[in-house]
Amino acid sequence: HVLPLTSSPDLQELIMPGRSESDLRWCVLVDGSSVSGKAFDSLCYFINGQNTEGRTNEVAVIHAYDKMMDLEKPIHLQSPRILQQYETNLIRARRNYDLKGPGRLKSQTFPLEYKTSEELVKVASLEYAESVGTSEHAPAVVAVILDCIAKSFQADYVFMGSFGVGGKRVGEMGSVTDYMLRLCNHTMVPSSLLLLLLMLAQVVVKHWRPVPKQGEGATFLVCLDGSPAANEGLEKVIFLARDGDKLVCVTVSRHKGPNDVAIIEKAQQFIQTSAMATKKKLSSQVIWLQQVDGEGTAAEHLIRASERFEADFLVFGSINTAHGAKNRESLIDLGSTALYCSRNSKCHAIIVKPPFPQQTS
């Protein structure tokens, strides 16, 4: 999942010390709420399926807190108690992981202190978010989390609950989750020579939807539109999926044309080739849905399809650059379809963000 910018081992070590191309980094945002606990369970569900690959996986639990506000909360919601609880959970996760295969699992916690009274941070001024191309400002809590994900941990997968404890609602999500979906960009690791771009996937866990249990098959509904992010979403799902999981790939348009046929054929071929390469036994189908006038947008058709197929996870690319969405500054790095689906879907959402064109410092 790391784009190979150079074949020099020394230079790769300079860019990302101690990390090889096969290593994966997973992080989860927690605040003591039950839904952030489900986000942690969802992370464990996926990561346990990676042990047989023999790679090193690193897990980080990120908790941001205001020291003064923390003192006013019940003891079980104060930062030290939350981190203590998740350190215990990480021990259990490592034990379960070790039973699955030869891989290694590393873990750590990140307590991030911020002050609610601090001024809003201009996100576009941060070096890891320059490519968002916007002047939007974010609260201090969002800024410290973005900074940790991009610099301190350099995450490949970010798990979060749909909303936290006492947070403001934005549609069906909390304000911090809404900010993170739109502003958490691809990871950029600064060095004196290059910027290494990593594809980032965000997983939003909904409070009303159960997380699949170990041993149960999960159903993924993958939205395809021919964009690089959507194609990467399919690739990531095949990577995350385990034997017995079901893949339903959907493309939506008003009329089935050559482009839709090409998307379907390409997806079918990719699934078949990947399943043979990974030796995974997956159930899959690729379908076209007609967008009928008066029956809603493409996003609404996708949500109805996720309910029809009883999907556990709705997977989509963050933006379709082919349709000019990259120029919509107000949508930042999340297209209108992705934003609607992430906010309104009843199932958990996996959003894949593509790296921007390679830059040099």
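The exercises below work through a predicted model, each with a solution in steps.

The model is predicted, so that local features need pLDDT of at least 70 and side-chain atom pairs count only at pLDDT 80 or more, while totals for chains, interfaces and linings use all residues. Residues are numbered from 1 along each chain as its sequence is written, and side-chain values use heavy atoms, with hydrogens and water left out.

**Exercise 1. Helix α5**

Task: Work out what span is expected for helix α5, and how many of its residues are buried.

Solution: Begin with the term itself, since helices (H or I, at least four residues) and strands (E, at least two) are DSSP runs, numbered from the N terminus. The expected span of a helix is 1.5 Å times one less than its number of residues. For the 14 residues of α5 (residues 140-153) this gives 20 Å, and the end C-alpha atoms are 18 Å apart, which agrees.

Next, take burial, where buried means under 20% relative accessible area, exposed over 50%, and partly exposed in between (1.4 Å probe, protein chains only). Of the 14 residues of α5, 10 are buried, so the helix is largely enclosed by the rest of the structure. Among them are Ala140, Val141, Ile145, Cys148 and Phe153. Just after α5 comes Gln154, which has a positive phi near 55°.

**Exercise 2. Two cysteines**

Task: Find out how many disulfides the structure holds, and how far the sulfur of Cys27 is from that of Cys148.

Solution: A disulfide is a pair of cysteine sulfur atoms within 2.5 Å, and the structure holds 0 of them. Cys27 is in no disulfide, and the nearest cysteine sulfur, that of Cys148, is 7.3 Å away. Cys148 is in no disulfide either, with the sulfur of Cys27 as its nearest cysteine sulfur. As for burial, Cys27 has a relative accessible area of 0% and is buried, and Cys148, at 2%, also counts as buried.

**Exercise 3. Asn57**

Task: Describe where Asn57 lies and what its side chain makes a polar contact with.

Solution: Asn57 lies in strand β2 (residues 56-66), and because its relative accessibility is 0%, Asn57 counts as buried. A polar contact is a pair of N or O atoms within 3.5 Å; within protein, one must be able to donate a hydrogen and the other to accept it, and residues adjacent in sequence count only if both atoms are side-chain atoms. The side chain of Asn57 makes such a contact with the side chain of Trp26, at 2.8 Å.

**Exercise 4. Aromatic rings**

Task: Classify the ring pair of Tyr45 and Phe46 and that of Phe46 and Phe220.

Solution: Rings of Phe, Tyr and Trp (its six-membered ring) pair if their centres lie within 6.5 Å, and planes under 30 degrees apart count as stacked, over 60 as edge-to-face and the rest as tilted. The whole structure holds 9 aromatic pairs. The rings of Tyr45 and Phe46 have centres 5.4 Å apart and planes at 80°, so this pair is edge-to-face. For Phe46 and Phe220 the centres are 6.1 Å apart and the planes at 40°, so this pair is tilted. The latter pair links distant parts of the chain, with Phe46 in helix α2 (residues 34-47) and Phe220 in strand β12 (residues 219-223), 174 residues apart. Both Phe46 and Phe220 are buried. Finally, ring pairs link these residues into a cluster that includes Trp26, Tyr45, Phe46 and Phe220.
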